[in-house]
Amino acid sequence: MGHTLAEKIIAAHLVGGEKGVALHSNDEVSPGDLVEATVDVVLSNDITAPIAIREFEKLGVERVFDPDRVVMVADHFAPNKDIQSAEQCRLMRQFARAQGLPNHFDVGSMGIEHVLLPEQGLVVPGDVVVGADSHTCTYGALGAFATGMGSTDVAVAMATGRVWMRVPETIRVVYRGRLQPWVGGKDLILYTIGQIGVSGARYKGIEFAGPAIDRLSMAGRFTMANMAIEAGAKAGLFAVDETTRAYLDGRASRPYQAYEADSDAAYAQVVEIDVSQIEPQVAFPHLPENARPVSQATGVRIDQAIIGSCTNGRLEDLRVAAGVLRGRRVCTDVRCIVIPGSQQVYLDALREGLVETFIEAGVAVSTPTCGPCLGGHMGVLAAGERAVSTTNRNFRGRMGHPESEVYLAGPAVAAASAVVGRIARPEEVGL
Amino acid sequence: MKLMGTVWKYGDDVDTDGIIPARYLNVSEPEDLARHCMEDVDSGFARAVQAGDVIVAGENFGCGSSREHAPLAIKGSGVACVVAKSYARIFYRNAINIGLPILECPQAVEETQKGDLLAADLGAGTVTNLRTGRTYQVSPFPPFIMGIIQAGGLVDYTRERLRAQARAGAQGSTM
């Protein structure tokens, strides 16, 4: 029997484990095995690192296992939103300095972690990556096995370079057909979560495949892998192809090995999706699985539009948004905030004239931060307010007051909605 | 280990933003987090919860963000254990890693109401509803995970392992 992409990557990192009998390195692994594996990158941020550091210090270990592989990013409540956040960022900064971590990203060099790490070439295909952030699964777009864990797991991984995990079953989702205008990775993943539900892939991996995926850009793939967790998945993986290699050229910090799923791999489920039938999607409050075609959402008035985040804060996303906003004005009843995902994305957007387009349209452009996505700062909602947002979660209270609402969409719908003042199809602004 | 407490009952897909809203993630001490535990799901919980109480919930408890602040807030509230139909995987890991007892038992959840008195025997793997008198068998933990639980969490488990390795190394043996 062949193996899935997740099984192959985990097997290549196997230290030991158990499946009734003991497992040893070089053994094959199967779903359900509890294994100990080496990790290539360990990530945390200004919210999760403080707990990880506290737990690390209880372990009786002086140094992290490899300073080059321990990455810390101040992005959630940075630039510091209040005194307590400043203390958390300082704690992380002090630890990074004491441990000599070259990959500690502070204000001025930081970006939203899941935009930043691939951009900096810190994750490569075949890696096992663990991060104290649930959207660590983003790096599956590069053919890495990347998964979110808690701070204590990350503390142990920082100390030992190893983690324990259960080898997941895999759901393969195959996308066929041609995308309709204004449909991108965000719409595909919202549609998929709508089909399988927020716990449809719980404890499992998802392999995204098919001709429509082969034609999808890296930005679109990052968006899809990013939201695998919103279906409960442990990881969302893509095979490495020419698109991946072109992205990695001149960027990858290390040599890498690209693994492939076997043609006779055993899948828990295979889902077939004809993308030619998919409209741009909008996920209604308060779960990402509440995805509907945008044509069924156009009555919803909005107070705010957020374009950015680890889901949709890449240059391609900003180009799409700018394409919709160019020569138009944000509705006077709407606050539209664009947040480039990294300093590089910001600079590229500036040089391309996108930032000028945004500002002329009446958009506020922010330095990179997770900020409003989790109701932290830079766009928190009042009671009764509604936002359309290119972020990844629309749980109750996610962006602010528990009585506020978040509608998830891609950058084209978010930008068109900002112009019209209610959720809108890009065609409604004359495109 | 035997526990007994009054039930707080919730539905499916309780997310970690609901358990501890991100606006409180600028702190990380369990007692600080406990003041806002479950705030966006049940605004009365943090004020009324008593040490030893039990949270009973549906499918996919703890979905969403990886924040370990969620099980820390629950533990800091004095909640003795969580019984759910199923758990989101990061929450499951986090709870085990920090030593918050969690049990998976769909039938017990179905037949339990808010305010019931629930007893759990973690060693025997049973849950008993003292109102109905019914006892349920919970899904057992694999031996490896049981090892972490018995050590008191992942940090204690790992510290012990590292010490054992250091001792073995000092004696010249290879691991």
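I'll start in chain B, in the loop between α2 (30-34) and α3 (45-48), where B:M38 is found. A word on the source before going on: this is a predicted model. B:M38 has a positive phi of about 65°, and it is not a glycine. Is this residue, B:M38, buried or exposed? B:M38 has 25 other C-beta atoms within 10 Å, and the cut-off for buried is 20 or more, so B:M38 counts as buried.

Chain A has a methionine to put beside it. A:M378 is again not a glycine, and its phi is positive, about 65°. A:M378 sits in the loop between β18 (364-365) and β19 (386-389) of chain A. For A:M378 the count is 19 other C-beta atoms within 10 Å. Because buried needs 20 or more, A:M378 comes out as partly exposed.

While we are on the backbone, there are cis peptide bonds to go through in chain A. One runs from A:A78 to A:P79, with omega near -10°. A:P79 belongs to the loop between β5 (70-73) and α3 of chain A. Another cis bond runs from A:P285 to A:H286, and there omega is near 0°. Note the order in that pair: the proline, A:P285, comes before the bond and the histidine, A:H286, after it. As for where A:H286 is, look in the loop between β14 (281-283) and β15 (291-293) of chain A.

Next, a helix pair in chain A. In general, the packing of two helices is described by the angle between their axes and the distance between the axes. Here the helices are α11 (residues 315-325) and α13 (residues 354-361), both of chain A, and they pack at an angle of about 45° with axes 9 Å apart. That angle makes α11(A) oblique to α13(A). Which way does the crossing of α11(A) and α13(A) go, left-handed or right-handed? The crossing of α11(A) and α13(A) is left-handed. On the α11(A) side, the contact is made by A:L318, A:R319, A:A322 and A:L325. Facing them from α13(A) are A:L354, A:T357, A:F358 and A:A361. By type, the residues of this contact of α11(A) with α13(A) are 6 nonpolar, 1 polar and 1 charged.

Now the interface. On the chain A side, 44 residues are in contact with 35 residues of chain B. Which elements of chain A give two or more residues to the side that touches chain B? They are α2 (49-56), α3 (83-99) and α5 (151-160) of chain A. The element giving the most is α5(A), with 6 residues. The side of chain A that touches chain B divides into 17 nonpolar, 16 polar and 11 charged residues.

Last, chain B taken whole. Chain B has 8 helices and 7 strands. Its radius of gyration is 17 Å, and the globule rule gives 16 Å for 175 residues; the values are close, so chain B is as compact as a globular protein of that length. Along the principal axes, the C-alpha atoms of chain B fill a box of roughly 60 × 40 × 25 Å. Of the 175 residues of chain B, 50% count as buried, and B:M38, where I started, is one that is buried. On sequence separation, take the contacts in chain B between residues at least 6 apart: 66% of these join residues at least 24 apart.

That is what I have.

Note on methods
Residues are numbered from 1 along each chain as its sequence is written. Chains are lettered from A and ligands numbered from 1 in the order in which they are written. This is a predicted model: local features need pLDDT of at least 70, side-chain atom pairs count only at pLDDT 80 or more; totals for chains, interfaces and linings use all residues. Axes are lines fitted to C-alpha atoms, for helices over the stretch in contact, and angles run from 0 to 180 degrees between N-to-C directions. Helices (H or I, at least four residues) and strands (E, at least two) are DSSP runs, numbered from the N terminus. Angles under 35 degrees count as roughly parallel, over 145 as roughly antiparallel, 65 to 115 as roughly perpendicular and the rest as oblique. A crossing is left-handed if the near helix is turned anticlockwise from the far one by less than a right angle, and right-handed if clockwise. Two residues are in contact if their C-beta atoms, placed from the backbone, lie within 7 Å. Ala, Val, Leu, Ile, Met, Phe, Trp, Tyr, Cys and Pro count as nonpolar, Asp, Glu, Lys and Arg as charged, and the others, Gly among them, as polar. The radius of gyration is taken over C-alpha atoms; the globule rule is 2.2 Å times the number of residues to the power 0.38. A residue is buried if 20 or more other C-beta atoms lie within 10 Å of its own, exposed if 12 or fewer, and partly exposed in between; C-beta atoms are placed from the backbone.
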